[in-house]
Amino acid sequence: MMQSKANFYQQEVVQLLKQVIEPTLNNDIVSLGMVRNLRIVDDYIYLRLYIGSHQHHLQPEIQSKLSSLSWCKKTYIQICTIPGVKTTLAVSSGKGGVGKSTTAVNLAAALKLQGAKVGLLDADVYGPNLPQMLGLGQADIQVINTPTGDKFLPLEAQGIKLMSVGLLAEANRPLAWRGPVLHKIITQFLQDVEWGELDYLLIDLPPGTGDAQITIIQESPICGVILVTTPQQVALADVRRNIYMFRQVGVPVLGIVENMSYLICGDCGSRTYIFGSGGGEQLAAELQAPLLGQIPIDKRICSGGDTGNLIAVSEHTSLAREVFIEIAIALNTTFSTANKLNQSV
Ligand code: ADP
């Protein structure tokens, strides 16, 4: 009896929360994965609200919606946000080596090219390599004193702010953090970095579905995930497990980037689909998420990745560069109204 009453209350609350619309994305806050840990205890509602720094207006809207419930004495909303950061996006993959970090760093550079302020969080604790991809060697991380405590100061390369476990680790020492240590490092990253004002924070997630990934996804206000795969990877269980993980937390998958899609012949320009074709499309259809782009195999991606020469901002035209820029424009079109709205305030 008690259980069914609790269920009824829960459904009632979810129905009302679904009436709160995030104006830029034109979708409700439940579908956007912003409401988590909803609990109803006696006549009190508790929830966590995962938002960007420009979305604080949602809190009074929720309070006002839920105030129509006659049985509810009070609603407690815990705001979860990364200070100064508007839109947090994650880049993920089922397995390592598919080009997840390459995609993250090139999308960051391409978003920067659109005039956005961009930060990169290298959370790939098992193989952090973004500093190298941005042309940074081992650098000392500075800690600064702020009114809210000591904070790590991100590095900056090519106009992109960067924080990485690779920067905290001692050179040449393999990272083998596990369990509570890993959890602590990750939550520290999320809360203790002084990003300043960012339009976008891109999180390069570790591959797979372990502790680290789940912690980051649960603890951060991720607006959506970009899934990177290669054509031959799509049939694999890793990719599906990855998707399942996001769906469980309620974080939307924004789309799929198929990397290493084909090789372009240097002489005649014809395409060879080394790893097969149609895989990304098939996965996109299954997921009902868009195929954001197909990136060809390009040796300049590989050589540039070691020296900080990013193909997305290279002066040489290439299909890979075009695709990264197209994806960045699409992302910016989806999320930028919020950024513009906030700028005009
Ligand atoms: P992940 O983050 O998924 O482990 P990386 O982004 O580190 O993968 O890429 C693995 C390797 O493959 C790197 O050496 C990178 O330069 C290379 N690479 C990634 N995408 C391409 C591509 N489209 N063409 C050529 N080399 C690529």
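These legends describe close-up views of the ligand site and the largest cavity in a predicted model. Local features need pLDDT of at least 70 and side-chain atom pairs count only at pLDDT 80 or more, while totals for chains, interfaces and linings use all residues. Residues are numbered from 1 along each chain as its sequence is written, and side-chain values use heavy atoms, with hydrogens and water left out.

**View 1. Residues around the ligand.** The shell holds 17 residues, each with a heavy atom within 4 Å of the ligand. Gly-97, Lys-100, Ser-101, Thr-102 and Asn-259 come nearest. By class, eight are nonpolar, seven polar and two charged (Ala, Val, Leu, Ile, Met, Phe, Trp, Tyr, Cys and Pro count as nonpolar, Asp, Glu, Lys and Arg as charged, and the others, Gly among them, as polar).

**View 2. Polar contacts of the ligand with the backbone.** A polar contact here is a pair of N or O atoms within 3.5 Å. A polar backbone atom of Ser-101 lies 2.8 Å from a ligand oxygen. Ligand nitrogen atoms are involved at Pro-296, where the distance to a backbone N or O atom is 2.9 Å, and at Asp-298, where a polar backbone atom is 3.0 Å away. Of the 560 Å² of accessible area that the ligand has on its own, the protein covers 82% (Shrake-Rupley method, 1.4 Å probe).

**View 3. Lining of the largest cavity.** A cavity is a set of points on a 1 Å grid over the protein atoms alone where a 1.4 Å probe fits but cannot get out; lining residues have an atom within 4 Å of a point. The volume of the largest cavity, the space filled by probe spheres set on the points, is about 70 Å³. Its lining includes Leu-25, Tyr-50, Pro-221 and Cys-223.

Definitions and conventions. Polar contact = N/O pair within 3.5 Å; in protein donor to acceptor, adjacent residues only side chain to side chain. 1 Å grid on protein atoms, 1.4 Å probe; cavity = no way out; pocket = protein on both sides within 12 Å on 5 of 7 lines; lining within 4 Å.
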